[in-house]
Amino acid sequence: MNPRKLSGLQHDVLRLYRDCLRAIAKKPEASRPRFHAFARHEFEKNIASLRRTDAKAIEHLLRVGRRRLEQYQSPNVRDITIV
């Protein structure tokens, strides 16, 4: 880990990613690799398009990510695909 202190937003992003990983662990074993790939794809896609100092955009994406996580945590969602 970088010895530099993390900002509050950086902590929030890491918390969302960890929450995604915890939710994935509760999904059927056969679909977990696709959930992992989807989560990684979404985070990487947004990393590429953001500046670290764009707090409003990061906060917006955190809200979107939390809403998606809530949807995907539903027991009815058993698999996912990357579009």
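Where does Lys-27 lie? Lys-27 is placed in the loop between α1 and α2, and the views below, all taken from a predicted model, include a close-up of this residue.

**View 1. The overall fold of the protein chain is built from three helices and zero strands.** From the N terminus on, the elements follow the order α-α-α. The C-alpha trace of this predicted model spans about 35 × 25 × 20 Å along its principal axes. Of the 83 residues in the chain, 22% count as buried. Among contacts between residues at least 6 apart in sequence, 69% join residues at least 24 apart.

**View 2. The largest nonpolar core contains eight residues.** Its members are Leu-9, Leu-16, Cys-20, Ala-23, Phe-43, Ile-58, Leu-62 and Leu-69. Helices α1 (8-25) and α3 (55-72) each supply at least two residues of this core, and the largest share, four residues, comes from α1. A second, separate core consists of five residues, among them Ile-24, Phe-35, Phe-38 and Ala-39. In soluble globular proteins, nonpolar side chains tend to be buried together.

**View 3. The surroundings of Ile-58, a member of the largest nonpolar core, are shown in close-up.** When residues up to four places away in sequence are not counted, Ile-58 touches Leu-9, Val-13, Leu-50, Arg-51 and Arg-52. Of these neighbours, Leu-9 is also listed in the largest core.

**View 4. The largest pocket has a volume of about 920 Å³.** Its lining comprises 33 residues, of which Val-13, Leu-16, Phe-43, Asn-46 and Ile-47 are the closest to the centre of the pocket. Helices α1, α2 (32-49) and α3 each supply at least two lining residues. The most is given by α1, with nine residues. By class, the lining has 22 nonpolar, four polar and seven charged residues. Leu-16 and Phe-43 belong both to the largest nonpolar core and to the residues closest to the pocket centre.

**View 5. Tyr-17 and Phe-43 form an edge-to-face aromatic pair.** A search of the whole structure finds two aromatic pairs. In the pair of Tyr-17 and Phe-43, the rings are 4.8 Å apart centre to centre, with 85 degrees between the planes. This pair links distant parts of the chain, since Tyr-17 is in helix α1 and Phe-43 in helix α2, 26 residues apart. Tyr-17 counts as partly exposed because its relative accessibility is 24%. Phe-43 also takes part in the largest nonpolar core.

**View 6. Phe-38 and Tyr-72 form an edge-to-face aromatic pair.** Here the centre-to-centre distance is 5.5 Å and the angle between the planes is 90 degrees. Phe-38 in helix α2 and Tyr-72 in helix α3 are 34 residues apart, and the pair links distant parts of the chain. Is Phe-38 buried or exposed? Phe-38 has 12% relative accessibility and therefore counts as buried. Tyr-72, at 25% relative accessibility, counts as partly exposed.

**View 7. Lys-27 is shown in the loop between α1 and α2.** Its relative accessible area is 7%, so Lys-27 is buried, the cut-off for this class being under 20%. With residues up to four places away in sequence left out, Lys-27 touches Arg-32, Phe-35, Tyr-72, Gln-73, Ser-74 and Val-77. Among these neighbours, Phe-35 is a member of the second core, and Tyr-72 is one partner of the aromatic pair with Phe-38. Lys-27 and Arg-15 are twelve residues apart in sequence and 19 Å apart in space, C-alpha to C-alpha.

**View 8. Arg-78 is located in the segment after α3.** At 53% relative accessibility, Arg-78 counts as exposed, because the class requires over 50%. Not counting residues up to four places away in sequence, Arg-78 touches Pro-28, Ser-31 and Phe-35. Phe-35 is likewise among the residues that Lys-27 touches. The C-alpha atoms of Arg-78 and Gln-10 are separated by 29 Å, and these two residues are 68 residues apart along the chain.

**View 9. Asp-19 has its place in helix α1.** Asp-19 counts as partly exposed because its relative accessibility is 28%. Asp-19 and Leu-69 are 50 residues apart along the chain, and their C-alpha atoms are separated by 8.1 Å. Leu-69 is one of the eight residues of the largest nonpolar core.

Key:
Residues are numbered from 1 along each chain as its sequence is written. This is a predicted model: local features need pLDDT of at least 70, side-chain atom pairs count only at pLDDT 80 or more; totals for chains, interfaces and linings use all residues. Side-chain values use heavy atoms; hydrogens and water are left out. A nonpolar core is a set of buried Ala, Val, Leu, Ile, Met, Phe, Trp, Tyr and Cys residues joined through side-chain atoms within 4.5 Å. Buried means under 20% relative accessible area, exposed over 50%, partly exposed in between (1.4 Å probe, protein chains only). Contact means heavy atoms within 4.5 Å. On a 1 Å grid over the protein atoms alone, a cavity is a set of points where a 1.4 Å probe fits but cannot get out, and a pocket is an open set with protein on both sides within 12 Å along at least five of seven lines; lining residues have an atom within 4 Å of a point. Grid points are joined across faces, edges and corners, and a volume is the space filled by probe spheres set on the points. Ala, Val, Leu, Ile, Met, Phe, Trp, Tyr, Cys and Pro count as nonpolar, Asp, Glu, Lys and Arg as charged, and the others, Gly among them, as polar. Rings of Phe, Tyr and Trp (its six-membered ring) pair if their centres lie within 6.5 Å; planes under 30 degrees apart count as stacked, over 60 as edge-to-face and the rest as tilted.
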